[in-house]
Amino acid sequence: MTLTTTTDDLGQLLPDDLLERFRGRAAGHDAANTFFAEDFDDLTALGYLRLLADTPPGDAGGMAQASAAQRRLAAAAPATALGVNMHLVWTAVAGLLADRGDSSLRFVLDEAAQGEVFAFGVSEPGNDAVLFDSLTRVDRLPDGGFAYTGTKVFTSLSPVWTRLGIFGKLDGGDGGDAAILHAFIPRGTPGVEILEDWDPLGMRATRSNTTRLDGVRVPADAVFRTLPVGPNADPLVFGIFAAFETLVASVYLGIADRALDLAAAAMTRRRSHVGDRPLADDPVLRNLLAGPGMQRIGVAAELRQVSQDLDARAGAAAEWFARLVTLKTHAVEAAVAATTAALHVGGGSGFSASSEVVRLHRDALAGQFHPSTEESARATVATALLGPPST
């Protein structure tokens, strides 16, 4: 039985006064392009990074709780939520696998409970195959270990991670098949270089710097998964997609929540000089705001069902990837629509680069760059409906 996360539960987990402090810091971190260090320390002290280790996916309701919590956090500080998301994704993957009888990543939950911070070193420039291929080269070493050489981008939590999940491609050699090798490396491993190159339009406080791997040595027993190149049905692939898409959708829905609140407040506060009435009474503007409001209602229902079904191990396996990419796409669209509407009804003062609505809009635009992209998502759904293309 999946537990329901109530508003009171979330209020205890993330108190209002804490979220207001996060919201107060967010503008400064955005303007200075600095990491959310104070937020991170507060969340660590609160035990927030142990969220899915303490309440794992499954009968305890861990995915539903983490999704609701990330939505609430993102409404206060989107970049903080997105950065922490990457740690939570790894713990969610470990928990989803364990709940389905695969204990290969149980150590992730154990180490997270002890304070280790996990991050993703997966995205690579030019690799649109995402998990199914890699531009990072893996060489076999004489001692049986491996050396990884390549470039990883969007490495969120760069200033604080202690465990980095990486993958790369090992050439089969002598006619053998190439393979994708997944491993974790600890911070301080020789050959790991973190570039201070993060200067994006939005989600600036995540400090998702580029990470270079130059012959990074990985012991054989640190490789926790070896997979074939190309699409495959390994539980790890499902776990990463399920955790990533669900928790990323939660963050962008949180942005939509805050944007709609700000839009409603602006319409109530502002008056039409010509009509001598609050903008909240203007039928055109009411209709404009209703559109993203309806989107938010639909995505919220979709997100709740997906997170609850993940906890309940429900749903047909063949349908899951289409559901997950659709959820993520809808959540990003809802965030962009809500922030666009909030800009429209907020008046000229809201166009200031330092305004919260402008920052939320820039943060919402980052969603299009997270896997799966809209093009990839549509291809996934088309395949679910029609089967793979014949050519």
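What follows is a short conversation about a helix, a cavity and some backbone angles in this structure.

Visitor: What should I know before we start?
Guide: This is a predicted model, in which local features need pLDDT of at least 70, side-chain atom pairs count only at pLDDT 80 or more, and totals for chains, interfaces and linings use all residues. Residues are numbered from 1 along each chain as its sequence is written, and side-chain values use heavy atoms, with hydrogens and water left out.

Visitor: How do you know that the length of helix 6 agrees with its 22 residues?
Guide: Helices are DSSP runs of H or I with at least four residues, strands are runs of E with at least two, and both are numbered from the N terminus. The expected span is 1.5 Å times one less than the number of residues. For helix 6 (residues 78-99) that gives 32 Å, and the end C-alpha atoms are 29 Å apart, which agrees.

Visitor: What makes M86 the centre of a kink?
Guide: The bend at a residue is the angle between axes fitted to the seven residues ending there and the seven starting there. In helix 6 there is a kink of about 35°, centred on M86.

Visitor: Why is helix 6 called largely enclosed?
Guide: Buried means under 20% relative accessible area, exposed over 50%, and partly exposed in between, with a 1.4 Å probe and protein chains only. Of the 22 residues of helix 6, 20 are buried, so the rest of the structure largely encloses this helix.

Visitor: What makes a space a cavity?
Guide: On a 1 Å grid over the protein atoms alone, a cavity is a set of points where a 1.4 Å probe fits but cannot get out. Grid points are joined across faces, edges and corners, and the volume is the space filled by probe spheres set on the points. By this rule there is one cavity of 30 Å³ or more, and the largest cavity holds about 90 Å³. Lining residues have an atom within 4 Å of a point; 14 residues line the largest cavity, and the closest to its centre are A26, D30, A79, A205 and R359.

Visitor: Why is N33 called buried, and F154 partly exposed?
Guide: N33 has 13% relative accessibility, so N33 counts as buried. F154, at 45%, is therefore partly exposed. N33 lies in the loop between helix 2 and helix 3 (37-46), while F154 belongs to strand 3 (residues 146-155).

Visitor: What is the phi of N33?
Guide: Most residues other than glycine have a negative phi. N33 is not a glycine, yet has a positive phi of about 55°.

Definitions and conventions: 1 Å grid on protein atoms, 1.4 Å probe; cavity = no way out; pocket = protein on both sides within 12 Å on 5 of 7 lines; lining within 4 Å.
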